[in-house]
Amino acid sequence: MATKTLSTSLTLSVIGDVFGLLSLNNTSVTSLSYDDTSVGSGSVTTSTTATEIVAAAISDIRYIYIKNVDPNDYVLVSNAAASIQYARLNPGEWLFLPVNASTGIEVKSAANTPIVEYIWFKRA
């Protein structure tokens, strides 16, 4: 196993206050270690039947990035072991999250065949 570093940065900011109560201007920078011998990526044309992109049978933690590249339709992202929805990605939206062992990730559409791109990294 060769360990590499994935550098992440996320900035959340709003001009003015949110509901007049708090301001939001935060940047979080983190370095994550991953096993570069265990990385997967691809593009999936979804349907109303779920497609597993991280297997529920995996016994380690994975980091995953998913982007809905479709211009019109949204995609549902779920826990593959229990089909519990995590997210709805509208056109152009993305997510990045750690996936627990024995959980997995699946994607599907509510209608049509939107396309998602993804990449996962095995946590070192």
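# Briefing: sheet, pocket and two buried polar residues

Strand S4 (residues 62-68) and strand S9 (residues 115-123) run antiparallel and are joined by 7 bridges. The model described here is predicted. The pairing of S4 with S9 belongs to an open sheet of 5 strands, ordered S1-S2-S9-S4-S7 with antiparallel pairing. The points below cover this sheet, the largest pocket, and the residues Asp70 and Asn79.

**Sheet architecture**

- Strand S1 (3-18) and strand S7 (94-99) are the edge strands; each has a single partner strand, so one side of each is left without a neighbour in the sheet.
- From one strand to the next, the twist averages 40 degrees.
- Strands of a sheet pair through backbone hydrogen bonds, and the pairing may be parallel or antiparallel.

**Strand pairings**

- S1 is joined to strand S2 (residues 22-45) by 13 bridges, and these two strands run antiparallel.
- Within that pairing, Lys4 has Tyr34 in S2 as its bridge partner.
- S1 and S2 form a hairpin with 3 residues between them. Phe19, in the turn, has a positive phi of about 55 degrees.
- S2 also pairs with S9, again antiparallel, through 9 bridges. Here Val44 is matched with Val116 in S9 as its bridge partner.
- In the pairing of S4 with S9, Tyr63 has Phe121 of S9 as its bridge partner.

**Largest pocket**

- The volume of the largest pocket is about 260 Å³.
- Its lining consists of Thr8, Ser9, Leu10, Ser28, Thr30, Leu32, Tyr63, Tyr65, Trp94, Phe96, Leu97 and Pro98.
- S1, S2, S4 and S7 are the elements that give two or more residues to this lining.
- S7 supplies the largest share of the lining, with 4 residues.
- Tyr63 therefore appears both in the pocket lining and as the bridge partner of Phe121, while S7, an edge strand with a single partner, gives 4 residues to the lining.

**Asp70, in the loop after S4**

- Asp70 is located in the loop between S4 and strand S5 (75-79).
- With a relative accessible area of 13%, Asp70 is buried, because this value falls under the 20% cut-off.
- Two backbone nitrogens lie within reach of its side chain: that of Asn72 is 2.8 Å from a polar atom of the Asp70 side chain, and that of Asp73 is reached at 2.7 Å.
- Apart from its neighbours within four places in sequence, Asp70 is in contact with Pro91, Gly92, Thr113, Pro114 and Ile115.
- Asp70 and Leu6 are separated by 64 residues in sequence and by 26 Å in space, C-alpha to C-alpha.

**Asn79, in strand S5**

- Asn79 is part of strand S5.
- Its relative accessibility of 11% is under 20%, so Asn79 counts as buried.
- The side chain of Asn79 reaches the backbone nitrogen of Ala81 at 2.7 Å and the backbone nitrogen of Ala82 at 2.8 Å.
- Not counting residues up to four places away in sequence, Asn79 touches Ile84, Tyr86, Thr103, Gly104 and Glu106.

**Asp70 and Asn79 side by side**

- Asp70 is buried at 13%, and Asn79 is buried at 11%.
- The side chain of Asp70 reaches the backbone nitrogen of Asp73, and the side chain of Asn79 reaches the backbone nitrogen of Ala81.
- Asp70 lies in a loop, whereas Asn79 lies in a strand.

Conventions
Residues are numbered from 1 along each chain as its sequence is written. This is a predicted model: local features need pLDDT of at least 70, side-chain atom pairs count only at pLDDT 80 or more; totals for chains, interfaces and linings use all residues. Side-chain values use heavy atoms; hydrogens and water are left out. Two strands pair if DSSP finds at least two bridges between them. Axes are lines fitted to C-alpha atoms, for helices over the stretch in contact, and angles run from 0 to 180 degrees between N-to-C directions. Buried means under 20% relative accessible area, exposed over 50%, partly exposed in between (1.4 Å probe, protein chains only). Contact means heavy atoms within 4.5 Å. A polar contact is a pair of N or O atoms within 3.5 Å; within protein, one must be able to donate a hydrogen and the other to accept it, and residues adjacent in sequence count only if both atoms are side-chain atoms. On a 1 Å grid over the protein atoms alone, a cavity is a set of points where a 1.4 Å probe fits but cannot get out, and a pocket is an open set with protein on both sides within 12 Å along at least five of seven lines; lining residues have an atom within 4 Å of a point. Grid points are joined across faces, edges and corners, and a volume is the space filled by probe spheres set on the points.
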